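Let's take a friendly walk through this model, going from one side chain out to its surroundings. Have the coordinates open as you read.

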Amino acid sequence: MDDLEETATESNARGGIQALDAAMQVLSALAASPGSIGVTDLARAAGMPVSKVHRYLASFVHAGLAVQSGRSGRYNLGPFAASLGIAALARNDFVNRAADDLEELCVQTRLTVLLTVWGNSGATIVRWERAASPVVTSFGLGSTFPLLTSASGRVFLAFLPYRLVADAVKAEINTAVELKIDWPDLHPSRKGVEQLIAKIRQDRIASVDGRFIPGLRAISAPILNWQGEAEAAVTLVGTRDDILSADSTARHFLAEFTAAHSVTGTK
């Protein structure tokens, strides 16, 4: 079968263009490779004949979807593939999508739900849903939380590049030392902060038990982008100690919610 016959046959795919489906299969196999890959190995991964894969690769290189190393002859994703990925990720509106679903999380947990983002002044509330039995607080939309003594702040502490929070960490530690503040779960030092970060990353949940706002308990989890960094934090606030339990229903719903709204749940 020559190229014209093959193209005509492939264009008759039900619900789409079979040639394009095959091309995407090759491209997906190329993307799944941990690095550059030879055409034979790529054909094996895509489940296609080498000759057919080679023709697709020639088109990909021409379009900028793939590049070929002149020395090794191996293939990798090209600059246009990177541009497509970045454009797609830029359209993934983490905050608005999560905000639209906060009410459901509020109903599931019967707790007040806060959505915060990292702003110039720290963790900033951009949306909240009040529980049927609302908690009495002085915060509202636009309110900010400290890094070290709030559940929302601790999420950004653990899931943002440290350079973005370093100044705020230093200022809060200096204030604690100056005022001789004692934190039960955090020694006011760089080492103490590093230990807290490690624990939050392991648990994927941050919590506080009333030291920021007396009488309130809070747990928070990150909505992560493709780099494993926090785009937002979702925080549950209540008055009962049981929400802090590792096996609490609230914790389960929170983890499920943030995982569903993250690009990846594995980083």
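A good place to begin is Arg-154, which counts as buried at 1% relative accessibility. Please keep in mind that this is a predicted model. The residue sits in helix α7.

What does Arg-154 form a salt bridge with? The partner is Asp-185, and the closest N and O atoms of the two are 2.8 Å apart. Because Arg-154 belongs to helix α7 (residues 151–159) while Asp-185 is in the loop between α8 (162–179) and α9 (190–203), the pair ties together parts that are 31 residues apart in sequence. The two ends of this bridge sit in unlike surroundings: Arg-154 is buried, with a relative accessible area of 1%, whereas Asp-185 is partly exposed at 39%.

**Salt bridges**

The whole structure holds 7 salt bridges according to the search. Three of them are set out here, with the N to O distance for each.

| Pair | N to O distance | Relative accessibility |
|---|---|---|
| Arg-154 and Asp-185 | 2.8 Å | Arg-154 1%, Asp-185 39% |
| Arg-240 and Asp-242 | 3.1 Å | Arg-240 43%, Asp-242 43% |
| Arg-127 and Glu-129 | 3.3 Å | Arg-127 31%, Glu-129 18% |

In the pair of Arg-127 and Glu-129, the glutamate is buried and the arginine is partly exposed. For the pair of Arg-240 and Asp-242, Arg-240 counts as partly exposed, and Asp-242 is partly exposed as well. Glu-129 counts as buried because its relative accessible area of 18% falls under the 20% cut-off.

**Where α7 meets α9**

Back at helix α7, how do the axes of α7 and α9 cross? They come within 9 Å of each other, at an angle of roughly 95°. That angle makes α7 roughly perpendicular to α9. On the α7 side, the contact is made by Arg-154, Leu-157, Ala-158 and Phe-159, and α9 brings Val-193, Leu-196, Ile-197, Ile-200 and Arg-201. By residue class, this contact of α7 with α9 has 7 nonpolar residues, 2 charged ones and no polar ones.

Arg-154 and Ile-200 both take part in that contact. Their C-alpha atoms are 7.9 Å apart in space, although 46 residues separate them in sequence.

**The nonpolar cores**

The largest nonpolar core has 33 residues, and Leu-148, Leu-157 and Val-193 are those with the most contacts inside it. Two or more residues come from each of β4 (122–129), α7, α8, α9, β6 (206–208), β7 (217–224) and β8 (230–238). Which element gives the most to this core? The answer is α7, with 6 residues.

Leu-148 is worth a look in your viewer. Leaving aside residues up to four places away in sequence, Leu-148 touches Arg-154, Leu-157, Val-169, Glu-172, Ile-173, Trp-183, Leu-186 and Val-193. A second core, separate from the largest one, has 23 residues, among them Phe-94, Ala-99, Leu-102 and Leu-111.

**Beyond α10**

One last stop is Val-263, found in the segment after α10 (249–261). Is Val-263 buried or partly exposed? With a relative accessibility of 35%, Val-263 counts as partly exposed. Val-263 and Asn-225 are 38 residues apart in sequence, and the distance between their C-alpha atoms is 5.2 Å.

Terms used: Residues numbered from 1 in each chain as written. Predicted model: local features only at pLDDT ≥ 70, side-chain atom pairs only at ≥ 80, totals over all residues. Heavy atoms only, no water. Salt bridge = Lys/Arg side-chain N within 4 Å of Asp/Glu carboxyl O. Buried < 20%, exposed > 50% of the residue type's maximum accessible area, 1.4 Å probe, protein only. Helix = DSSP H or I, 4+ residues; strand = E, 2+ residues; numbered from the N terminus. Axes fitted to C-alpha atoms, helices over the stretch in contact; angles between N-to-C directions. Parallel < 35°, antiparallel > 145°, perpendicular 65-115°, else oblique. Contact = heavy atoms within 4.5 Å. Nonpolar A, V, L, I, M, F, W, Y, C, P; charged D, E, K, R; others polar. Core = buried A, V, L, I, M, F, W, Y, C linked by side-chain atoms within 4.5 Å.
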